[in-house]
Each structure stands twice: as C-alpha cells, then as structure tokens.
Amino acid sequence: MISWGGVFGQKGVTLQRFLEENPGQQALLDQLAVRVHSLPAPINSLQTATLQIGVIFSGSDSDIENKAWLIAFKRRMQILRIDYRLDVYYLPNGHDVRDVVRAFDAVGVSRFDYLVIDSVTEYLRPELERVLKRDYPKVIMLNVSTPFRVWRFHPPLVYIGVDYSQSMGRLASYLDRRLSNDATIDVVTVEDAYLYDSRCSTFVNALETVGRSVRDYYIVADSSEEGYRAAMSSLDHSSLHIDDEDTGREQFIFACTPNISLGVWEALKAAQVPYSYTNSWSGQAPYPGESSRPNLLVTVLGMHDNMAIATAEVVKAHMESRLSPMVYAESSQLITQEMDEQTLNIIYEQAFIYSRPLWPQ
C-alpha cells in the first residue's frame, strides 16, 4: 500500500518519511540517482516515432532557471540519442485561469507523449488533474519532492524536486554556527500551502532542532514588493527594541521564496542596518561573498541541471519499459560568505553540468 505525502491545504510529510513507509521506492530512487550522476548511456531500444514532449513553465523564457533546465534537458536527450520534439509554454507570474486554459488547450491539440510541469497552483490543478485521469500524456512534475495524496489513484509518472528537509536542516545548522547566540531570526513566508510546508515550516522545524526559535512571522504575497515591505517591518520592530548595548545584535530574515528574497535583500541594502542578513535561492544574483553584498549571508543552491537530467533519464527508462521511482529528489548546496574561489568552482561544476555559462558567478 502506497502512502502519500503532500496534499493541497494540508501538511505534507518529508521525503524520508515517504521512503520509510514505502521501502521499495528507495532502491528505485537509488538506481535513478546512479544514472543521473553517471556518464549517460544511449537508449538501447528501437525508436519508431519522434517523441512529442510538452513543457509548461511558470515565469518567462528569460528566467534563468527555465533557460538552464532547457539547456540541460536538451543536452542530455541528445547524448541519450532520443529523437524528440519539444514545445514549451510559459505561464506568467500571477497567472489566472485563462492563461492556464490556453496552455492546456494547446497541450490537448498537440497530443504529447510526455508533459512536464514545473509547479502546481490553484488554477493549474483542475486542468492538470484532467490530464492525469486520462493517463495520457504521461506527466512529469518538477519542483515537487513528495507525492500528493489526492493523486494517489492517478499519479504522475514521477515527481522530481529538491529535498527541502535536507536543505533546510543544513541551513539551520549553518545559521546556528554563524550567528551569535542572541541573534534574532524572523521569517517572511507565503500563504501558498505547498511552499509553506516544503520550505518555511521545514526551516522553522530545523531551527527548533538546533535550539533556535523565530521571533516574528510575516505572511505575504509571493512578490519582491511584499518581501521588501515585510523586511522593513522587521527592521522597524528591531529598532523599537534596541538600546546602546544591543547595537551589535545580529538579525537574520529568512526569505521563503526567490521573489521574497529579492525584496528582503533590497530592503536590507536600502536600510543599511549593521549586522542584518538574509538568504537567497539558486537562480538569483547576487551570490554572497562580495564586499558589496554584506547583507547576503547564504544562498541555497539546488542541483538544477540534475533535475533536468533526471527528467531525461525517466523518459528513457519509460521508453525502455523499465521502472522508475515515484519521486526523485536532488540535494542542495549552501554558498556562504566564507567560501573561497576554488570551493565555489567545485560547487558550480557539480550544480551546472551543462548550463554553467548562464549562471551569475
């Protein structure tokens, strides 16, 4: 019996718990991980027709993560010698039901073999579930690292994401070592249930594990403008409770999403408050380390090329009638102010196997 993880509007479970409850999945995940991290082997089955693959991305064709995924996926498919055609659709940030309907209308007309989707929103979900119930095309979900219960009878071919439980554990441990004992930590998060569960609440739980707690929570819309305002409120709160002996107290503002992170960083830069810090996410400039970015303490860097590689390897396995895991989760790295150039180059080589020229370094 398969146990299922995340669910809309309800608290999810970690990848580790999912694997413990479904032990047969661990071996399949390990096998896929070996293929992802090894030299690629071309497909060994006869291909009688060109594969039709559709991709629905959030954002635009100028977003660095979207461009990097496409570069890595195309390169891996080329090395695997798979004949395919790729059509890409973009849902703008803040998309509505009309944007989603247009994209899925195009999907229906094109009759894809595989459909790759990089997010699940309230507008995407109804259209996506109709595709899942038809069982054609086969759906590959990106940026999801535990299965959804509501799809247990008609699941995607695979979920591919980042193990945020592991990532947030590493981040909490780093902050515990890096920040002073009396440092304050605030959290700027979003209403979106999945993002909150996978990143924010996971981070808070990891903080509690190392004996730290959160002072204030700010729940905002997922935008840089809202992140900016929340960070200013956090700084104002700190200034109201400061005295001469507290002028050196450190403050860290955790930004739950890349959009919020940009706003928080801009606020800290504008306010020029000493000893105030935040985090960023992969795909964003700036990275920590330069003297002009003293407020950026750490970047959580996902292995994004590997997620594109995993997608290509799952397609190949399906074509060869081999089993794949229900979920594949990549690890992440932390980029910190203390790292030297040699260490950063090693991390970049691991993270950006095919797409390195795109990324800010």
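R111 is exposed in this predicted model, with a relative accessible area of 57%. The residue is found in the loop between helix 4 and strand 3, and its backbone has a positive phi of about 50° although R111 is not a glycine. Leaving aside residues up to four places away in sequence, R111 touches Q52 and Y136. F153, in turn, lies 42 residues from R111 along the chain, and the C-alpha atoms of the two are separated by 22 Å.

One of the contacts of R111, Y136, leads to another backbone feature. The peptide bond from Y136 to P137 is cis, with omega near 0°, and P137 has its place in the loop between helix 5 and strand 4. D135, which follows helix 5, has a positive phi, near 65°. A positive phi also turns up at R81, with a value of about 60°, and R81 is not a glycine either. This arginine is found in the loop between helix 3 and strand 2. R81 counts as exposed because its relative accessibility is 65%, where the cut-off for exposed is over 50%.

Helix 5 itself deserves a closer look. Its buried residues are L124, E127, L128, E129, V131 and L132. What covers them includes strand 2 (84-91), helix 4, strand 3 (114-117) and strand 4 (138-142). One of these buried residues, E129, has a relative accessible area of 15% and takes part in a salt bridge with R125, the closest N and O atoms being 2.8 Å apart. The two partners are separated by about one helical turn, because they stand 4 residues apart in helix 5 (residues 124-134). An α-helix has 3.6 residues a turn, so residues three or four places apart point the same way. In contrast to the buried E129, R125 counts as partly exposed, at 27% relative accessibility.

Helix 4 offers a similar pairing. Here R102 forms a salt bridge with D99, and the closest N and O atoms are 2.7 Å apart. Both residues lie in helix 4 (residues 97-110), 3 residues apart, which is about one turn of the helix. R102 counts as exposed at 54% relative accessibility, whereas D99 counts as buried at 17%.

What does a salt bridge between two separate helices look like in this model? E313 forms a salt bridge with R76, with 3.1 Å between the closest N and O atoms. E313 lies in helix 10 (residues 304-319) and R76 in helix 3 (residues 64-79), so the pair ties together parts that are 237 residues apart in sequence. Both E313 and R76 are buried. The two residues also belong, together with R35, to a network of salt bridges. In total, the count comes to 19 salt bridges.

Another buried position is S238, in helix 8 (residues 224-240), with a relative accessible area of 17%. Not counting residues up to four places away in sequence, S238 touches R215 and Q251. From S238 to Q251 the C-alpha to C-alpha distance is 8.4 Å, with their positions 13 residues apart in sequence.

Turning to the protein as a whole, the secondary structure comprises 11 helices and 12 strands. The radius of gyration is 21 Å, and this agrees with a compact globule, because a globule of 361 residues would have a value near 21 Å. Taken along the principal axes, the C-alpha atoms fill a box of roughly 75 × 45 × 40 Å. Of the 361 residues, 52% are buried. Contacts across the sequence are also worth noting: among those between residues at least 6 apart, 72% join residues at least 24 apart.

As for the surface, the accessible area comes to about 16500 Å², and carbon and sulfur atoms account for 50% of it. The protein carries 32 positive and 45 negative charges, and the mean positions of the two sets are 8 Å apart.

Key: Residues are numbered from 1 along each chain as its sequence is written. This is a predicted model: local features need pLDDT of at least 70, side-chain atom pairs count only at pLDDT 80 or more; totals for chains, interfaces and linings use all residues. Side-chain values use heavy atoms; hydrogens and water are left out. The radius of gyration is taken over C-alpha atoms; the globule rule is 2.2 Å times the number of residues to the power 0.38. Buried means under 20% relative accessible area, exposed over 50%, partly exposed in between (1.4 Å probe, protein chains only). Contact means heavy atoms within 4.5 Å. Accessible areas come from the Shrake-Rupley method with a 1.4 Å probe; for residues, only the protein chains shown count as cover. Lys and Arg count as positive and Asp and Glu as negative; His and the chain ends are not counted. The place of a charge is taken as NZ of Lys, CZ of Arg, CG of Asp or CD of Glu. A salt bridge is a side-chain nitrogen of Lys or Arg within 4 Å of a carboxyl oxygen of Asp or Glu.
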